[in-house]
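Visitor: I have the two-chain model open and would like to go through it with you. Could we begin with how the chains meet?

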Amino acid sequence: MIAFLRNTWRGLTSMRTALVLLFLLALAALPGALVPQRSLNSTKVDEYIADHGWWGELLGRLEFYNVYGSVWFSAVYLLLFISLVGCLLPRTLEYAKSLRGKPVLTPRNLSRLPHHHESAVSATPEQVMARAKRRLKGWRLEEREEENGARSISAERGYLREAGNLVFHFAMLGLIVGLAVGKMFNYEGQVIVLANGSQFCNVGTLGYDSFRPGLRVDGTDLNPFCVKVDDFRANYLPNGQADYFHADISYQSGADLESNTWRPYQLEVNSPLRTAGDRVYLLSHGYAPTFTVTFPDGQQRTHTTQWRPVNQITYLSEGATKFDPPGVTDPAERRKRQLAITGLFAPTAVLNGKLLDSGFPDLRDPAVAIDVMKGDLGNDSGRGQSIYEVSKDMVDSGRLKRVARENLRPGEDITLDDGTNIKFDGVQRWVYLQVSHDPAQGWVLGFAVLVVFGLGTSLVIKRRRLWVRAVPAKDGDGTVLLLGGLARTDQAGYGEEFGRVTDDLLAELTPADERVGAPAGRDSES
Amino acid sequence: MDINQTLSGYSDWCYGIAVGAYVVAMLMYLYEQAFGYRDRTAAKRELVGVGVGAGGDTLLPEPPEDEPAGRAGRAERIGKMAVALTTFGALLHVSSLALRALATSRAPWGNMYEFGATLCLVAVLTWLVVLRKFPVRHLGVWVLLPVIALMFLGGVLLYTTAAPVQPALQSYWLVIHVFAIALGSGMVLVPGVVSVLYLLKVRKPEWSGRLPAAEVLDQVAYRTTVFAFPIYTAGVIFGAVWAEQSWGRFWGWDPKETVAFIAWVVYAAYLHSRATAGWRGGRAAAINIVGFAAMIFNLFFINLVTTGLHSYAGV
């Protein structure tokens, strides 16, 4: 049993397994790029399932629409995580040991190493050793006495390579932990706010149009702050391409909430507001037409409701502005006289006959093409409904009927048969804001920086060894100098350094008469 | 932000002439590949040199006995001219991007055409640097071929008139993130191509007598990848920082992010494979090719076929 566990552990932590797991990770991540994902676009997932029949449903059951939360993806990265830990711990211990250890003994035969050199010089072995030590400053050195009066130095350098390697891998672990912590405590909410001084406060999930909490967030303890959208400005190039979007907002958080102090901020696409540990982003914008309904009894109601863009380039928008008849208390009676103004809005009207389209995203010549619907909006049916549409069920069942169709410009109005007057007053803009909170993202960034530095260090620095041996010449005069070099990981490029060390060393020493080998290290191999 | 049409026109001319120069250079490399020295003495000597310290100078090969020295010598000269012409093309290529930057008053990598041009420039410059370190000049044809193909595709299908970028791209992160990614992905074109040649050399030696030794190819691939990988890693992280600023989260498995992650994992696997017994050589080369394929997939398929946050103005 223990043997089994040990073998499993060894297998899991071997490099080969890590390699296979890396491949599996790449493979498991791939469907997320090819198949629509719930977290990114839920409507697309539904369309995909509808288009692909049983295959689409099978993919759904196998969690292909939620790849990064799926059992199999989690299994791969958890195994990789364990494998990484199992690989890192022994390596860290080994590294700590090697930091305290001494460079290895000088090999007997240096000429068998990939880099080597041999010269006869006139200095004594002691002098040669002294020179070599001076040249090898910065290397970890160990001088040893050998038999027959020979002396040698073992030098080793580039310990930082393994340090970088370990930093990289530990930073990867930290990054994954940071991600996981973020997924626990983050939240993200979106809300539409009219850019007419309306405000939004981060007090609870109900304030949002949509809200996605982390696993440990229930929405009761959000960081308190308020945002007031004073104005929204967009500028477009003549071809309709957006030039800039600016939302002029005011915000208050912390002590400002008590003193009711508003601080101004210009919210832009690449410039979120960072306050109270949260971030506020400008995601998009749109138009909200204002309608005033004057009921036959003279009472007036004015509503400004956001309509949604159906064309992201021309900002042709659609929506439904809904009215309850004032002063009607009987629900049955009210359900006969509810009104909805639904249709299209164009910031720059282009009319094909009576058909409204938009020619430009900016407010050059706004107009609406509306259907006025009267009857039961279905608000009391207990079913939720879109704020952009009237209930199709009510229309189909004849309980909501069209009573007028008209194209209106700002200031124009129509009067229905029953005397109700509907006026298109004008249009306001809305902004779509996102509030994000992730307490761990600073940590993730810190680990990411460590990842890059660790990686750079481990790939640039080479662990290499160099040995110098000084043997007294046979005739008793001078020294035979032997050098050997070995890069422990990647040989490429070490030759140049070895050549430089050899050259520098020989430059300081007078060659003996009977020379062995070439004078300069650079040419030692040619 | 006015667009200077004159400068943008000059930029297009430079682009076109650069492609032309690359095509001619490629043909000249091809001549050297076909008629140069069959026995690559230089390659063998340099391999030792790389290991030992030849100081990086490319040694001139000595013509073997059985080869007519005249023809091989001419191929040698043509090869050198090809390098000069590649350098000339790269200068025009740089000018093309610089003129675009001047014409639009922004970093010249705001759409797919410009990004492709930057990526190809990086690949060519990487190749010119590799040439100074390794005796692989006659392989220029295999590097220029994909570069020319990408530039042709970019210039014909993906060409975008010089224009300002939309608000989402108006950030200094456009300069940092996109440039780092272009650097990383442009550099790995060279090891991608060289790894294909490596596999050819190892699996079909009878077809590849004129290729350098497998060890040289492996070294070129490894050292270029090792240089590109941290830059690419930094590029992805810069992207995450920008995403936090622009989209509200630093990582959201957007298709582009996903495939960038996959490519990163594959290159990480490549580095590990070279330290794993039984995976060095052919398998490592195959992984490198997969990594480059993931990069290309990310550039074309993800931008043109899927829709994600990285799709700007269609491309």
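Guide: For what follows, two residues are in contact if their C-beta atoms, placed from the backbone, lie within 7 Å, and please keep in mind that this is a predicted model.

Visitor: OK, how many residues does each chain bring to the contact?

Guide: Chain B contributes 45 residues and chain A contributes 48 residues. On the side of chain B that touches chain A, the elements giving two or more residues are α2 (41–52), α8 (214–246) and α9 (255–273) of chain B.

Visitor: And which of them gives the most?

Guide: That is α8(B), with 13 residues, while the whole side of chain B that touches chain A divides into 26 nonpolar, 16 polar and three charged residues.

Visitor: How does the confidence look for chain B?

Guide: The mean pLDDT of chain B is 87, and 88% of its residues score at least 70. Among its elements, helix α6 (residues 172–187) of chain B has the highest mean, 96, and α2(B) the lowest, 42. Over residues 39–67 of chain B the pLDDT is below 50, although this stretch has 58 contacts in the model beyond near neighbours in sequence. Where pLDDT is low, the predicted coordinates should not be read in detail. For the complex, the predictor gives an ipTM of 0.88 and a pTM of 0.89.

Visitor: Switching to chain A, what is the strand order in the open sheet of five strands?

Guide: The order is β13-β14-β15-β18-β19 (chain A), with antiparallel pairing. Because β13 (308–309) and β19 (400–408) of chain A stand at the edges and each has a single partner strand, one side of each is left without a neighbour in the sheet.

Visitor: What joins β13(A) to β14(A)?

Guide: Two bridges join β13(A) to strand β14 (residues 317–323) of chain A, and the two run antiparallel; A:Pro309 has A:Ser317 in β14(A) as its bridge partner.

Terms used:
Residues are numbered from 1 along each chain as its sequence is written. Chains are lettered from A and ligands numbered from 1 in the order in which they are written. This is a predicted model: local features need pLDDT of at least 70, side-chain atom pairs count only at pLDDT 80 or more; totals for chains, interfaces and linings use all residues. Helices (H or I, at least four residues) and strands (E, at least two) are DSSP runs, numbered from the N terminus. Ala, Val, Leu, Ile, Met, Phe, Trp, Tyr, Cys and Pro count as nonpolar, Asp, Glu, Lys and Arg as charged, and the others, Gly among them, as polar. pLDDT is the predictor's confidence in each residue, from 0 to 100. Two strands pair if DSSP finds at least two bridges between them.
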